[in-house]
Amino acid sequence: MNLANYETLRKILQSEGFSLKKSLGQNFLVDPTVCPRMAKSACDKDTGVLEIGPGAGVLTRELCAEAKRVVCVELDEKLRPVLKKTLADKDNVEVIFGDAMKLDLEKLIKDKFSDCERIAVCANLPYYITSPIIMMLLESRLPIDNITVMVQKEAAERLCATVGDRQAGAVTVAVNYFAESEILFEVLRDSFMPPPNVDSAVIKLAVREKRDFEVLDEKEFFRFVKACFAQRRKTLVNTVSASMGISKDLLREALKRVNLPETVRSESLKMEELCAISNFLSGGENR
């Protein structure tokens, strides 16, 4: 069954009375080269794969060919008959209907992948929920090895930017804290049915086993980072002082400790510098 063929997919969807929902960001892949590349990048025969939002099962079929086991979480109940048909010949896949943001994914992984050497997440994520899903997966500290997802090209560039570059933001820092990121390849808009208004890219996040930087208070670190990028055109002293109520004198002292000028903007700071400033503000330095 070639689900990457436009007519094949259209006939299956029509036969089950399924219509695409813009509200759920449903755009199905019809480029035959994309899903095999994603699957090979994400897993091997010893891997259990959690797929979020399988849609019609285009990527799912490729994951089944590469992985030991695939478990899909799909929000839209109306896709039940579609997936039953498109995955009928696959014996290493299970579809669970529910909201991935609300399910106990730790228990799901423990129950479904106990005999797998490693766990990966692979998904073609709806654009509107890209960052929340990725951050939920990372912040939950699930026992996963990597996350391979297709996202809007602009989001991919932001998520995979180097901390300290102009494209970087608070989400860049958060992703970098938990994982090493890279853009694998771009996907043009005409690879989808219906075509979205933007191009996409496939990114891979390799979850860090250990970090090269130290954060004394993780909660305060992320609060500080969020404040840093609240008004990115302003200096760090001004925006953090306004957002967190920290005195400008203390912020200037923190910058001085890491040899940075008081006029520095947050967007130019490297990961190690953000960590050092946060640690100083958390009382980790003798000040």
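1. Let's start with E51, which sits in strand β2, a stretch covering residues 47-52. Please keep in mind as you read that this is a predicted model. E51 is buried, yet it has no salt bridge. The nearest side chain of opposite charge belongs to R61, and that is 11 Å away.

2. What does the side chain of E51 pair with instead? A polar contact of 2.6 Å links it to the side chain of T60. Setting aside residues up to four places away in sequence, E51 touches L59, T60, L63, V71, C72, V73, C122 and A123. T60 therefore appears both as a neighbor of E51 and as its side-chain polar partner, under the 3.5 Å limit for such a contact.

3. Now for R61, the residue named above as the nearest opposite charge to E51. R61 lies in helix α3, which spans residues 58-66. R61 is buried too, with a relative accessible area of 10%. Its side chain reaches the backbone oxygen of T86 at 2.7 Å. Beyond residues up to four places away in sequence, R61 touches M1, L3, T86, L87, D89 and K90.

4. If you go looking for disulfides, you will find 0 in the structure. C64 is one of the cysteines without such a bond: the nearest cysteine sulfur, in C72, is 6.7 Å away. C64 counts as buried, at 6% relative accessibility.

5. Why is C275 not bonded to C228? The closest cysteine sulfur to that of C275 is the one in C228, and because the two are 11 Å apart, they are too far from each other for a bond. C275 is buried as well, with a relative accessibility of 2%.

6. Finally, a word on the nonpolar cores. In soluble globular proteins, nonpolar side chains tend to be buried together. Here the largest nonpolar core has 66 residues, and L137, F224 and L236 are those with the most contacts inside it. F224 is a good place to begin looking: leaving out residues up to four places away in sequence, F224 touches L236, V240, M244, L274, I277, S278 and L281. There is also a second, separate core of 36 residues, which includes A39, A56, A67 and C122. You have met C122 already, among the residues that E51 touches.

Technical notes:
Residues are numbered from 1 along each chain as its sequence is written. This is a predicted model: local features need pLDDT of at least 70, side-chain atom pairs count only at pLDDT 80 or more; totals for chains, interfaces and linings use all residues. Side-chain values use heavy atoms; hydrogens and water are left out. Helices (H or I, at least four residues) and strands (E, at least two) are DSSP runs, numbered from the N terminus. Buried means under 20% relative accessible area, exposed over 50%, partly exposed in between (1.4 Å probe, protein chains only). Lys and Arg count as positive and Asp and Glu as negative; His and the chain ends are not counted. A salt bridge is a side-chain nitrogen of Lys or Arg within 4 Å of a carboxyl oxygen of Asp or Glu. A polar contact is a pair of N or O atoms within 3.5 Å; within protein, one must be able to donate a hydrogen and the other to accept it, and residues adjacent in sequence count only if both atoms are side-chain atoms. Contact means heavy atoms within 4.5 Å. A disulfide is a pair of cysteine sulfur atoms within 2.5 Å. A nonpolar core is a set of buried Ala, Val, Leu, Ile, Met, Phe, Trp, Tyr and Cys residues joined through side-chain atoms within 4.5 Å.
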